[in-house]
Amino acid sequence: MKNRFGEACLRSLAALAFLICAVSATEATTFTVPADDDLIIGARAIVRGRVVSIGTGLDERQNRIFTYVTLRIEEAIKGRITGRRLTLKQEGGQVAGRGSLIFGSPQFSPGERVLLYLDTWQDGSFRVHQMFLGKFSIIEDPETGRDMVVRSALDSNAGVVMAQSHADKARGAATDRSELKAYLKMVRARLQANREVAASFEAAHYSRIPMLAEPPEYREGVGGGGIQPQFTLIAPSIPTRWFEPDSGQPVTFMVNLEGAPVPGIIDDITASMAAWSAVPGCNLRVTSGGATSECLNRGGGNVIVFNNCDGRFAPTPGCSSIIALGGLSWDTSQSRVVNGTTFFRAVLGFISFNPYSYCSFESSCNIREIATHELGHALGLGHSQHLDATMFGGAHFDGRCASIRQDDVNGITFLYPVTDTGGGPLAITTGSQLPVARRSALYVQVLEATGGR
Ligand SMILES: [Zn+2]
C-alpha cells in the first residue's frame, strides 16, 4: 500500500434515494430550461474540467448536508479563476446515518468531464448555476469520435415533475446538446456580445461576494473528518475498468508462488478474490487462473507475484513499510460509458508483494487485508479517504481479513454495476418437452428461466 491523497465519488442517485427513505429531507423543484444567454450572463464563472473528488459533510450550523465536488480546471471561460483546482459546494448528499436529496441538484461522477456554469453562495463558495441546468457533461460521440456537450438530464427515477418549456424565441436559443468546439465558440461569442450586461449583472448581485477556490470550511472539514470523501478511481483522469464482467466473464489472475511468505498464501489470495466477487448489485467475478512461473505476462495474463521479479522494490535495512503494490494497464483505443463516466479498457492487472516487508506479515488475516486492498487497485479503485474502507491508504490490521466495507462496495458497484436487471415477468425458457411422468419413477429435467427479479 502506498500513501496517496485519494479521490472520491458520489454514490449513485438510486442508492442515495434508498438510504434517504429512513431519515431525511427531500425537496422537489420545477424547472424551465434557460436560454443560453441567461446562463452566460447569470453565471459568475464558466469552467471546463474533470471531477477528481467528491465528499460529503454535515454543516451543523445550518443543519444541512452538502456535497463537495473538486474539479481539475482545464479552462476558465468566464470568471477570475486562476488555480487549477476548484471545489464546489452542492446541497444534498449522505453522511453517516443521514442523507438528503435535493431533486434537481446536479449529480457528479468521479472522472467525469464537465462544462459548468457557476454562481456562488453568500460566503463565496461556488455551486452550479441553476442547479442541474447549468451542468453539461462532455462525452465522446461514439460515431464521430468528437467531444459533445450534453446537458445533464434528471434521473428519471427522481420523480420530479418538470415543466420543460424551452426558452421562447425572444430569449434566444437554449442548447441542450452540441459539439464541444462549436459550443465553446458560441459561448465565447455570446459572452463578448453580452459583456456589458454581464458586468452590470455581476455588479448588481455579487459586488460584495468573493469567488473562493474552495469553501471556507472545506480544508478543516476534510482534515478533521467532518467531510468524508468517498471511494476513488485508480486514475481519476483516465478512468479504467475491466470490460469482461459486462459479458459475464470473470477477471482472472494467475499466481506465481515463488518467494511467497507463507505456504498457504494461495488461500489468502482466493479469499481476497471472493471478497470482491459477492457484492449485491455488482457483476464482477474475480477468479484464480492457477499457478504460473511467469512474472508479468506480456500476452495479457494478470499475475500476482511475491519475489520482486518485476524489480519494483528496493532492499531496505529494516522491515520495509511498503507492503505491496497493485495496479493495472489500459488500452485507450477501447472505451465504454458506465454510470456516466467514459472508461478505458483494463488489459493487464498485477499485484506485487514486497519481499523486504515480509518481516511484518504477522498473520494470515493481515495478508488477506493487503491482498484485498491491492486487488481493489487492480480492479480499478484508488484510495478511499473513508477511514473504515479497505481501500483506505493505510493498512488497518484490525481483524477485517479479506472483507470490504460499505464504501468499497459503493466503489466496486459504481465500476461494475449489474446492467441486466432481469426485468419482465418470470418465464420458463426451456424448449424441450417434459418427460411423461410415471408414478414412483424419478426423472430429472433442468429448467431455465428468465426475469422475475
Ligand atoms: Zn493502496
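**Exercise 1. Determine how many helices and strands the chain contains, and what share of its residues is buried.**

Solution. Counting DSSP runs numbered from the N terminus, with helices (H or I) of at least four residues and strands (E) of at least two, gives eight helices and 20 strands. The model is a predicted one, in which local features need pLDDT of at least 70 and side-chain atom pairs count only at pLDDT 80 or more, whereas totals for chains, interfaces and linings use all residues. Residues are numbered from 1 along each chain as its sequence is written, and side-chain values use heavy atoms, with hydrogens and water left out. For burial, the classes are buried (under 20% relative accessible area), exposed (over 50%) and partly exposed (in between), with a 1.4 Å probe and protein chains only; on this scale, buried residues make up 48% of the 453 residues.

**Exercise 2. Identify which residues coordinate the zinc ion, and state the spacing of its donors along the chain.**

Solution. Start with the donors, which are N, O and S atoms within 2.8 Å of the metal (3.2 Å for Na, K and Ca); water is not among the atoms, so sites may look incomplete. The zinc ion is coordinated through NE2 of His373, His377 and His383, at 2.0 to 2.1 Å. Along the chain, these donors follow the spacing H-x3-H-x5-H. Turning to accessibility, His377 counts as buried at 8% relative accessibility, and His383 is buried too, with a relative accessible area of 2%.

**Exercise 3. For the salt bridges of Arg151 and Asp268, find the partner of each and where the residues lie.**

Solution. A salt bridge is a side-chain nitrogen of Lys or Arg within 4 Å of a carboxyl oxygen of Asp or Glu, and a search of the whole structure finds 21 of them.

Step one: Arg151 pairs with Asp176, the closest N and O atoms being 2.6 Å apart. Because Arg151 lies in strand β10 and Asp176 in the loop between β10 and β11, the pair ties together parts that are 25 residues apart in sequence. Arg151 is buried, at a relative accessible area of 8%, while Asp176 is partly exposed at 26%.

Step two: Asp268 pairs with Arg368, with the closest N and O atoms 2.7 Å apart. This pair links distant parts of the chain, Asp268 being in helix α6 (residues 265–277) and Arg368 in helix α7 (residues 364–378), 100 residues apart. Asp268 is buried, with a relative accessible area of 3%, whereas Arg368 counts as partly exposed at 24% relative accessibility.
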